[in-house]
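Me: I have a model open on my screen and I'd like to learn how to read it. Can you walk me through it?

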Amino acid sequence: MATTSHSSNERTASNEDGTGKSTILQTENLAKLYGEFIAVDHVDFTVNEGDFHSVIGPNGAGKTTLLDLITGGRTPTLGSIYFNGEDITDLPSDELVHKGIARSFQITSLLDGLTVYENVRLAVQASGYRDLSKAETLVYPTDSHDSFEQTARTILQRIDLEEEADLLAQNLSYGDRRKLEIGIVLATDPELVLLDEPTAGMSIDKKQKTIDLINDVLADATVILVEHDVELVMQLSDNITVLHQGSILAEGPPEEIEDNQHVQDAYLGGYNDE
Ligand code: ATP
């Protein structure tokens, strides 16, 4: 797992929810405005270390924007974000990757002209360089290259794409592209992984397989998942945050969320009756 460096503006990560788990991520009064439109509305969002934490809510609730703010893709209008107690509000995405925060996107962003192996190998190498200066990367020792190769092969095995290693990424099926994307996330050795609809567009069977894979390969990481399939979310999550019109409508373990009348009215509808 990636190690976390603490800066001078570090503060103590606390947890008051009685679970005994420590807090890995916390937002305070986090807001994002587009003009006068409030996409994320003063959100205090807390994620426990090691949890599988899902974020659900209707279209336009602000889920992707919240992930964008946490991963440095967008700048907050207001508020703060803490990772392991360190203020990361103003850090760009590449620095966040080096701190152990990885993101996979709703729209896949693979290098289509490279093979499956090359995509993973490149990601392993890029994260392998994380602690070295640019000059040092030019003279990286040969045995490190061997270990990049080994790590890449191990990742291909874990995401079940060994047989596709020499295929160009552009020739993969949709489901295999999502797997490869998870492989690239793994290559950065993340402590916290944010996944935005990793099963979008998949059949029920493929969805379940992809989620099983995520659960397996990211078992040691903390996961924040945005997902529309409520049944999967209820099955998987330690904690769920329900966003509605940019604000947190409810937060808690699946059984509490299922029973919450506000959530029923605003979002879940007939889910319990199915
Ligand atoms: P979905 O489930 O449909 O992906 P979401 O919960 O992820 O939705 P966001 O994509 O975060 O919602 O969008 C929240 C709101 O902010 C939406 O009303 C969206 O139209 C608006 N929005 C997002 N990006 C911009 C932008 N760049 N400029 C203006 N409005 C935006």
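Me: Let's start small. Where does Gln245 lie?

Reply: Before anything else, keep in mind that this is a predicted model. To place a residue, look for the elements on either side of it. Gln245 sits in the loop between strand 10 (239-244) and strand 11 (247-252).

Me: What is the phi of Gln245?

Reply: Near 50°, a positive value in a residue other than glycine. Asp189 is another non-glycine residue with a positive phi, at about 55°. That one is placed in the loop between helix 6 and strand 8.

Me: Is Gln245 buried or exposed?

Reply: For this you read the relative accessible area. Gln245 counts as exposed because its value is 62%, and the cut-off for exposed is over 50%. Asp189 has 29%, so it is partly exposed.

Me: Now a residue in a strand. Which strand holds Asn239, and is this residue buried or exposed?

Reply: Asn239 is in strand 10. Its relative accessible area is 14%, so Asn239 counts as buried; the limit for that is under 20%. To see what covers a residue like this, list its contacts beyond the sequence neighbours. Leaving out residues up to four places away, Asn239 touches Asn48, Asp51, Phe52, His53, Ser54, Gly252 and Pro253.

Me: How do I get a feel for the whole chain? How many helices and strands does it have?

Reply: Start with the tallies. There are 10 helices and 11 strands. Of the 274 residues in the chain, 49% are buried. The chain exposes about 13200 Å², with carbon and sulfur atoms supplying 47% of that. Then check how far apart in sequence the contacting residues are: among contacts between residues at least 6 apart, 69% join residues at least 24 apart.

Me: Which residues would show me a pair that is far apart in sequence?

Reply: Try Val223 and Asp51. They are 172 residues apart in sequence, yet their C-alpha atoms are 6.4 Å apart in space. Val223 lies in strand 9 and is buried, with a relative accessible area of 2%. Not counting residues up to four places away, Val223 touches Asp51, Phe52, His53, Val193, Leu195 and Leu218. Notice that Asp51, Phe52 and His53 were also among the contacts of Asn239.

Me: And the nonpolar core? What is the general idea there?

Reply: In soluble globular proteins, nonpolar side chains tend to be buried together. Now the case here: the largest nonpolar core has 34 residues, and Leu156, Leu180 and Leu218 touch the most other members. Several elements each supply at least two residues of this core, among them helix 3 (116-128), helix 5 (142-158), helix 6 (174-187) and strand 9 (222-226). There is also a second, separate core of 23 residues, which includes Val40, Phe83, Val226 and Leu243.

Me: Let me zoom in on Leu180. Which residues is it in contact with?

Reply: Skip the neighbours within four places in sequence, and Leu180 is in contact with Leu110, Val116, Asn119, Val120, Ile159, Leu161, Ala169 and Leu172. Leu110 is worth a click. It is found in the loop between strand 7 (101-104) and helix 3, and it is buried, with a relative accessible area of 11%. Its own contacts, again not counting residues up to four places away, are Asn119, Arg177, Leu180, Glu181 and Ile184. For a distance to check on screen, Leu110 and Arg178 are 9.5 Å apart, C-alpha to C-alpha, and 68 residues apart in sequence.

Me: Last stop, the ligand. How many residues surround it?

Reply: With a ligand, list the shell, then look at what kinds of residues it holds. Here 15 residues surround the ligand, the closest being Gly60, Lys63, Thr64, Thr65 and His228. The shell divides into five nonpolar, seven polar and three charged residues. Helix 1 gives the largest share, three residues.

Me: Which backbone atoms should I check against the ligand's oxygen atoms?

Reply: Go through them one by one. A polar backbone atom of Gly60 is 2.8 Å from a ligand oxygen. For Gly62, a backbone N or O atom lies 3.0 Å from a ligand oxygen, and for Thr64 the value is 2.9 Å. As for cover, the ligand taken alone exposes 640 Å², and the protein buries 63% of that.

Methods:
Residues are numbered from 1 along each chain as its sequence is written. This is a predicted model: local features need pLDDT of at least 70, side-chain atom pairs count only at pLDDT 80 or more; totals for chains, interfaces and linings use all residues. Side-chain values use heavy atoms; hydrogens and water are left out. A residue is near a molecule or strand if one of its heavy atoms lies within 4 Å of it. A polar contact is a pair of N or O atoms within 3.5 Å; within protein, one must be able to donate a hydrogen and the other to accept it, and residues adjacent in sequence count only if both atoms are side-chain atoms. Accessible areas come from the Shrake-Rupley method with a 1.4 Å probe; for residues, only the protein chains shown count as cover. Helices (H or I, at least four residues) and strands (E, at least two) are DSSP runs, numbered from the N terminus. Ala, Val, Leu, Ile, Met, Phe, Trp, Tyr, Cys and Pro count as nonpolar, Asp, Glu, Lys and Arg as charged, and the others, Gly among them, as polar. A nonpolar core is a set of buried Ala, Val, Leu, Ile, Met, Phe, Trp, Tyr and Cys residues joined through side-chain atoms within 4.5 Å. Buried means under 20% relative accessible area, exposed over 50%, partly exposed in between (1.4 Å probe, protein chains only). Contact means heavy atoms within 4.5 Å.
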